[in-house]
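Please look over the structure shown here before reading the report that goes with it. The text is meant to be read beside the sequence, with the residues located as they come up.

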Amino acid sequence: MIGGKLEKALNKQLNMELFSAYLYVAMAAFFEHKGLNGFANWMRIQAREEMDHATKFYTYIHDVGGRVELEAIAKPPVDFKSPLAVFEDALAHEQTVTKSIYKLMDLALAESHHATSTFLQWFVTEQVEEEKVADEIVKRLQLVDSSPEGLFMIDREMALRQYTPAADSAAAT
Ligand code: FEO
């Protein structure tokens, strides 16, 4: 059974994962609008992965006898200064998510809720990848420095990204 502070914090993280999906859909829409369909593809897949993350929390909360309580999802931005600014925002967002997962892990450890710390371990590892990938794209966009040729070259590569469902974590299905 779960309850109290930990249940609340897991629900808060569920909301953050749903917001992440919403944010990446907004970023996809921005790229679509700019005719950068490869970048839009990348962001749409990113949004699907965030929905998978949210589903993991949803399932886990039920698995441990908790209650899912959905809150409002904040409105994401519509416009961004440049493709580079989008990925700088994405990186900053992922860093915020990492901090939030760490705080949640601290709470699970403080409450000796071992099932939750095991469940969260998947997210700790995932966040390393999330930050790494966003950082790599930021660096590549800095290198091309808004040259249209460079941008279209990266756009073509981004079009190749395919959705792969997230592997199950130990405590969630
Ligand atoms: Fe669900 Fe990108 O963190």
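The report below takes up residues of the first helix, then the aromatic side chains, and then further helices of this predicted model.

## Residues along helix 1

Helix 1 covers residues 4–33, and Glu-17 has its place there. Glu-17 is buried and yet has no salt bridge, for the nearest side chain of opposite charge, that of Lys-56, is 11 Å away, whereas a salt bridge is counted when a side-chain nitrogen of Lys or Arg is within 4 Å of a carboxyl oxygen of Asp or Glu. Leaving out residues up to four places away in sequence, Glu-17 touches Glu-50, His-53, Ala-54 and Phe-57, together with Val-97, Ile-101 and Phe-123.

Two other residues, Lys-8 and Asn-11, also lie in helix 1. Lys-8 counts as exposed because its relative accessibility is 65%, while Asn-11, with a relative accessible area of 9%, is buried. Val-68 appears in the surroundings described for each of these residues: its C-alpha atom is 8.9 Å from that of Lys-8, although the two residues are 60 residues apart in sequence, and Val-68 is also touched by Asn-11, along with Ile-61, Arg-67 and Glu-69, when residues up to four places away in sequence are not counted.

## Aromatic pairs and a cluster

The count of aromatic pairs, taken as rings whose centres lie within 6.5 Å, comes to eleven. One of them joins Phe-31 and Phe-39, whose ring centres are 4.9 Å apart and whose planes meet at 20°, so that this pair is stacked. Phe-31 counts as buried at 0% relative accessibility, and Phe-39 likewise counts as buried at 0%.

Phe-31 also pairs with Phe-87, and here the ring centres are 6.1 Å apart with the planes at 35°, so the pair is tilted. Because Phe-31 lies in helix 1 and Phe-87 in helix 3, this pair ties together parts that are 56 residues apart in sequence. Phe-87 is buried too, with a relative accessibility of 0%. Phe-31, Phe-39 and Phe-87 belong to one aromatic cluster, which they form with Phe-30, Trp-42 and Phe-80.

## Charged side chains over rings

Trp-42, which is part of that aromatic cluster, has Arg-161 lying over its face, at 4.4 Å from the ring centre. In a second arrangement of this kind, Lys-56 lies over the face of Trp-122, at 4.3 Å from the ring centre; Lys-56 is also the residue that was named above as the nearest side chain of opposite charge to Glu-17.

## Phe-57 in helix 2

Helix 2 covers residues 37–63 and includes Phe-57, which counts as buried at 0% relative accessibility. Leaving aside neighbours within four places in sequence, Phe-57 is in contact with Leu-10, Gln-13, Leu-14 and Glu-17, and also with Ile-101, Leu-104, Phe-119, Leu-120 and Phe-123. For Leu-120, which is 63 residues from Phe-57 along the chain, the separation between the two C-alpha atoms is 9.4 Å.

## Helix 3 and the residue after it

How does the length of helix 3 compare with what is expected of its 28 residues? At 1.5 Å a residue, helix 3 (residues 83–110) should span 40 Å, and its end C-alpha atoms are 41 Å apart, which agrees. Helix 3 is followed by Ser-112, a residue whose phi is positive, near 50°.

Methods. Residues numbered from 1 in each chain as written. Predicted model: local features only at pLDDT ≥ 70, side-chain atom pairs only at ≥ 80, totals over all residues. Heavy atoms only, no water. Helix = DSSP H or I, 4+ residues; strand = E, 2+ residues; numbered from the N terminus. Buried < 20%, exposed > 50% of the residue type's maximum accessible area, 1.4 Å probe, protein only. Lys, Arg positive; Asp, Glu negative; His and termini not counted. Contact = heavy atoms within 4.5 Å. Expected span 1.5 Å × (residues − 1). Phe/Tyr/Trp six-rings, centres within 6.5 Å; stacked < 30°, edge-to-face > 60°. Lys NZ or Arg CZ within 6 Å of the ring centre and 35° of its normal.
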